[in-house]
Amino acid sequence: MKKIEAIIKPFRLEEVRESLSEIGISGLTVTEVKGFGRQKGHTELYRGAEYVVDFLPKVKIEIVLSDEAADQAVEAIIKAARTGKIGDGKIFVTPVEQVVRIRTGETGDAAI
């Protein structure tokens with residue numbers, strides 16, 4: 001099993017969700033996060049005063065799925081989230097040792 005964590009621009013969330021749904025992935029967790037990479041934030045003007053916004057709003061998507069579905073899911077996320085501009089985000093894929101469904105006690109792929 002693999003865990004995919006994708007950090008994307010918030011306005012691309014719906015496209016990513018639809019893209020994952022098309023390949024049969026329906027379960028995911030979404031968290032609103034803030035951060036920066038090469039963008040390094042930007043400056044804004046508020047009531048005549050300029051200030052630096054270091055942390056930009058992003059969305060983190062987390063999915064746990066079978067090893068076979070991981071590559072297809074990564075490609076779907078890339079296709080839907082890419083704008084071609086700086087700040088499109090990152091995808092992290094890590095191994096998952098164990099999954100347990102709390103309600104039923106199912107483990108492994110059955111718990112996904």
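**Exercise 1. Find which strands helix α2 lies across in this predicted model, and the angle it makes with β1.**

*Solution.* Start by picking out helix α2, residues 67-81. Now look at what sits beneath the helix: α2 lies across β1, β5 and β6. Finally, compare directions, and you'll get about 5° between α2 and β1.

**Exercise 2. Take Ala 81 and work out where it lies, whether it is buried or exposed, and what it touches.**

*Solution.* First, place the residue: Ala 81 belongs to helix α2. Next, check its accessibility. The relative value for Ala 81 is 8%, and the cut-off for buried is under 20%, so Ala 81 counts as buried. Then list its contacts, skipping residues up to four places away in sequence: Ala 81 touches Ile 8, Arg 12, Val 16 and Asp 88. One more distance to try: go from Ala 81 to Val 30, 51 residues apart along the chain, and you'll find their C-alpha atoms separated by 14 Å.

**Exercise 3. Write down the strand order of the open sheet and say which strands are at its edges.**

*Solution.* Count the strands of the open sheet and you get four. Reading across, the order is β2-β5-β1-β6, and the pairing is antiparallel. The edge strands are β2 (29-35) and β6 (89-95), since each of these pairs on one side only. For the twist, ignore direction and take the average: neighbouring strands of this sheet are turned by 20° against each other.

Now add the helix α1, residues 13-22. This helix packs on the sheet and touches β1 (2-8), β2 and β5. The direction of α1 makes about 10° with that of β5.

**Exercise 4. Follow the bridges of β1, β2, β5 and β6, and name some residues that stand opposite each other.**

*Solution.* Go pair by pair.

- Step 1: β2 and β5 (residues 56-65) run antiparallel and are joined by seven bridges. Here Val 30 stands opposite Ile 61, and Thr 31 stands opposite Lys 60.
- Step 2: β1 pairs with β5 in the antiparallel sense, over seven bridges. Ile 61 turns up again, this time opposite Ala 6. Lys 2, for its part, faces Leu 65 of β5.
- Step 3: β1 and β6 are antiparallel too, with seven bridges between them. Glu 5 has Phe 92 of β6 as its bridge partner.

A handy rule while you look along a strand: in a regular strand the side chains alternate between the two faces of the sheet.

**Exercise 5. Explain why β5 is described as largely enclosed by the rest of the structure.**

*Solution.* Take the 10 residues of β5 and see how many are buried. Seven of them are, so the strand is largely enclosed by the rest of the structure.

**Exercise 6. Decide whether Lys 9 and Ser 19 are buried or exposed, and list their contacts beyond four places in sequence.**

*Solution.* Lys 9 comes from the loop between β1 and α1. The relative accessible area of Lys 9 is 14%, which falls under the 20% cut-off, so this lysine is buried. Its contacts, with neighbours within four places left aside, are Lys 58, Thr 83, Lys 85, Ile 86, Gly 87 and Asp 88.

Ser 19 sits in helix α1. At 5% relative accessibility, Ser 19 counts as buried. With neighbours within four places left aside, Ser 19 contacts Ala 76, Lys 79 and Ala 80. Along the chain, Ser 19 and Glu 75 are 56 residues apart, yet their C-alpha atoms are separated by 9.5 Å.

**Exercise 7. Describe the largest pocket and the second largest pocket by volume and lining.**

*Solution.* Begin with the largest pocket, which holds about 320 Å³ of space. Its lining has 15 residues, and the closest to the centre are Phe 36, Gly 37, Arg 38, Gly 89 and Lys 90. Two elements, β2 and β6, each give two or more residues to this lining. Sort the lining by class and you get five nonpolar, five polar and five charged residues.

Now the second largest pocket, with a volume of about 260 Å³. It is lined by 14 residues, and nearest its centre lie Gly 27, Leu 28, Ile 63, Val 64 and Ile 112. The largest share of this lining, four residues, comes from β5. Sorted by class, the second lining has eight nonpolar, four polar and two charged residues.

Methods: Residues numbered from 1 in each chain as written. Predicted model: local features only at pLDDT ≥ 70, side-chain atom pairs only at ≥ 80, totals over all residues. Heavy atoms only, no water. Pairing = 2+ DSSP bridges. Axes fitted to C-alpha atoms, helices over the stretch in contact; angles between N-to-C directions. Contact = heavy atoms within 4.5 Å. 1 Å grid on protein atoms, 1.4 Å probe; cavity = no way out; pocket = protein on both sides within 12 Å on 5 of 7 lines; lining within 4 Å. Points joined across faces, edges and corners; volume = space filled by probe spheres on them. Nonpolar A, V, L, I, M, F, W, Y, C, P; charged D, E, K, R; others polar. Buried < 20%, exposed > 50% of the residue type's maximum accessible area, 1.4 Å probe, protein only.
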